[in-house]
Amino acid sequence: MSSEKYRLSSVTNAMRILNIFKINKNKELSVTDIASQTNVPKSTAHRLITTLRKEGFLSQNPRTGKYRLGLALLTLGGVISVHKEIYREAFPYVEQLVRKIDETCHICLLEEQHVVYYYRVHRKAPEHLVTQEGRKSPVHCTSEGLLLLAFQESSYQERVLSEPLYRFTRYTITDPEKIRSRLSTIAAEGVAISEGEYFEGYTSISVPIRLFL
């Protein structure tokens with residue numbers, strides 16, 4: 001097979017993998033499930049899934065090892081209805097909170113080594129920060145990222161902390177050991193605070209949304 005045909009075949013198979021989630025909207029799928037439903041060899045499916053996961057189009061559940069649609073689709077203007085259904089009950093509470101404190105609030109999700117702004121309700125006053133839905137931010141210096149990271153498996157945390165941690169401001173903490181200690185505190189207290197670590201002059205506070213499914 002020529003290199004051009006090989007590339008076209010890979011693109012076609014990748015699209016077939018994404019398309020099967022139209023049928024399996026409320027399911028997480030294993031590599032075997034995906035290979036079977038797309039009639040793609042398991043080794044090929046695994047390779048394509050790895051690529052799609054790295055690009056954010058698929059997300060892997062660290063507990064089950066299975067895959068679901070990734071939040072990168074949000075940045076392309078897509079709407080992932082399964083995620084909307086899961087978090088829809090929280091939307092009114094976010095809106096109520098914004099009315100009460102007059103500050104912009106978000107629902108954020110973890111996507112690989114980034115935090116994604118999934119749902120946003122803005123305050124009445126003009127907002128200077130760009131935090132539109134689908135935007136990605138780092139996990140190590142945002143309250144939302146630290147909060148989400150604090151409740152992940154230790155192996156996941158170590159994978160994130162083993163990567164270079166960029167210093168955005170003079171307040172950004174980049175020492176992995178200090179971040180580990182911070183994550184333990186956040187997990188115990190159930191709240192994360194970031195003061196000028198991503199944008200100087202801005203403080204953010206995050207708390208977990210606990211789902212009982």
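Me: Why is Arg180 called partly exposed?

Reply: In this predicted model, Arg180 has a relative accessible area of 28%. Buried would need under 20% and exposed over 50%, so Arg180 lands in between and gets the middle label.

Me: What makes Arg180 and Glu177 a salt bridge?

Reply: Their closest N and O atoms are 3.1 Å apart. The cut-off is 4 Å between a side-chain nitrogen of Lys or Arg and a carboxyl oxygen of Asp or Glu, so the pair passes. Both sit in helix α9, and because they are three residues apart there, about one helical turn separates them. Glu177, for its part, comes out at 52%, so over the 50% line and exposed.

Me: Which residues make up the network that Arg180 belongs to?

Reply: Glu158, Glu177 and Arg180, linked by salt bridges. Glu158 is in helix α8, and is also one of the residues there that meet α9.

Me: How do you know that α8 and α9 pack against each other, and at what angle?

Reply: Look at who touches whom: Gln157, Glu158 and Leu161 in α8 meet Pro176, Ile179, Arg180 and Leu183 in α9. By class, that contact has four nonpolar, one polar and two charged residues. The angle is about 145°, with the axes 11 Å apart, and α8 passes α9 in a right-handed crossing.

Me: Why is Arg182 called buried or exposed?

Reply: Arg182 has 17% relative accessibility, and since that is under 20%, the label is buried. Its salt-bridge partner is Glu197, with the closest N and O atoms 2.5 Å apart, so this pair is within the 4 Å limit too. Arg182 lies in helix α9 and Glu197 in the loop between β6 and β7, so the pair ties together parts 15 residues apart in sequence. Glu197 is also buried, at a relative accessible area of 5%.

Me: What makes Glu200 and Arg170 count as a salt bridge?

Reply: The closest N and O atoms are 3.3 Å apart, so again the 4 Å rule is met. Glu200 is in the loop between β6 (192–195) and β7 (203–206), Arg170 in the loop between α8 and α9, so parts 30 residues apart in sequence are tied together. Glu200 has 40% relative accessibility and counts as partly exposed; Arg170, at 63%, is exposed.

Me: How many salt bridges does that rule give?

Reply: Six.

Me: Over to the strands. What makes β3 and β4 a pair?

Reply: At least two bridges are needed, and strand β3 (residues 105–111) has seven to β4, running antiparallel, so they qualify. Within that pairing, Glu111 stands opposite His114. The hairpin has two residues between the strands, and Glu112 takes a positive phi near 55° there.

Me: How do you know that β4 pairs with β5?

Reply: Three bridges join β4 to strand β5 (residues 136–138), also antiparallel, so the two-bridge minimum is met. Val115 stands opposite Ser137 in β5.

Me: Why is β4 called largely enclosed?

Reply: Six of the eight residues in β4 (residues 114–121) are buried, so the rest of the structure largely encloses this strand.

Key
Residues numbered from 1 in each chain as written. Predicted model: local features only at pLDDT ≥ 70, side-chain atom pairs only at ≥ 80, totals over all residues. Heavy atoms only, no water. Buried < 20%, exposed > 50% of the residue type's maximum accessible area, 1.4 Å probe, protein only. Helix = DSSP H or I, 4+ residues; strand = E, 2+ residues; numbered from the N terminus. Axes fitted to C-alpha atoms, helices over the stretch in contact; angles between N-to-C directions. Left-handed = near helix turned anticlockwise from the far one by under 90°. Contact = heavy atoms within 4.5 Å. Nonpolar A, V, L, I, M, F, W, Y, C, P; charged D, E, K, R; others polar.
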